[in-house]
Amino acid sequence: MKVVYFSHSDGIYGAPKSLLDMILVLKDGISDFYPIVVTSKVNQLNAICNELGIENYSVYYADCLYEYETNRSIGQIIHDARVCLKMKYRHDYVNLKAIEHIEKLIDFRTIDIVHSN
């Protein structure tokens, strides 16, 4: 079974550490388990995957997270509009390029599961 894991954040704290723990448990328990890890930047998770012989890639992609406050001033509204335009560009262009790059690295026709952390 081939599983692609997309990890966010940096290093092996919190979610990336849990992701690594899950991969190791599955790798020990399933004989035909083949994980592939994709991170948004080179970090400690990539180094650990290299040490353990787990296929991994680092391709920059933008996270999708933004906080919204209900009581906002006109300055905050203008700021929000600028941030939203920047995020739209990142998601429309940067992530599209990341998808194209990842598809060149991984043959998704052979992947059974895609896991987003």
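## Salt bridges

In this predicted model, the side chains of R109 and D107 meet in a salt bridge, with 3.0 Å from N to O. The two partners differ in their surroundings: R109 counts as exposed because its relative accessibility is 76% and the cut-off for that class is over 50%, whereas D107, at 35% relative accessibility, counts as partly exposed. The structure holds 4 salt bridges, and among them are two further pairs that lie within helices.

One of these joins D92 to K88, whose closest N and O atoms are 2.5 Å apart; both residues belong to helix α3 (residues 74-105), where they stand 4 residues apart, or about one turn of the helix. D92 is partly exposed, with a relative accessible area of 43%, and K88 is likewise partly exposed, at 49% relative accessibility. Another pair is formed by D21 and K17, with the closest N and O atoms 3.8 Å apart, and because these residues are 4 residues apart in helix α1, they are separated by about one helical turn. D21 has a relative accessibility of 36% and counts as partly exposed, as does K17 at 40%. An α-helix has 3.6 residues a turn, so residues three or four places apart point the same way.

## Helix α1 and its two faces

Helix α1 (residues 15-29) has 15 residues and reaches 21 Å from its first C-alpha to its last, which is close to the 21 Å expected at 1.5 Å a residue. Its residues P16, L19, L20 and I23 are buried. Seen down the axis of α1, the buried residues fall within an arc of 95 degrees, so they line one face of the helix.

The cover over the buried residues of α1 includes β1, β2, α2 (44-52) and β4. On the face turned away from this buried side, α1 carries the exposed residues V25, D28 and G29.

## Strand β1 and its partners

Strand β1 (residues 2-7) is mostly covered, with 5 of its 6 residues buried. It pairs in the parallel sense with strand β2 (residues 34-39) over 6 bridges, and within that pairing S7 has T39 of β2 as its bridge partner. Together, β1, helix α1 and β2 make a right-handed β-α-β unit.

Strand β1 is also joined to strand β4 (residues 113-116) by 4 bridges, and these two strands run parallel. Here the bridge partner of F6 is S116 in β4. Both β2 and β4, the partners of β1 described above, are thus also among the elements that cover the buried residues of α1.

How values were computed: Residues numbered from 1 in each chain as written. Predicted model: local features only at pLDDT ≥ 70, side-chain atom pairs only at ≥ 80, totals over all residues. Heavy atoms only, no water. Buried < 20%, exposed > 50% of the residue type's maximum accessible area, 1.4 Å probe, protein only. Pairing = 2+ DSSP bridges. Right-handed = clockwise from strand over helix to strand, strands pointing away. Expected span 1.5 Å × (residues − 1). Arc of directions from axis to C-beta. Contact = heavy atoms within 4.5 Å.
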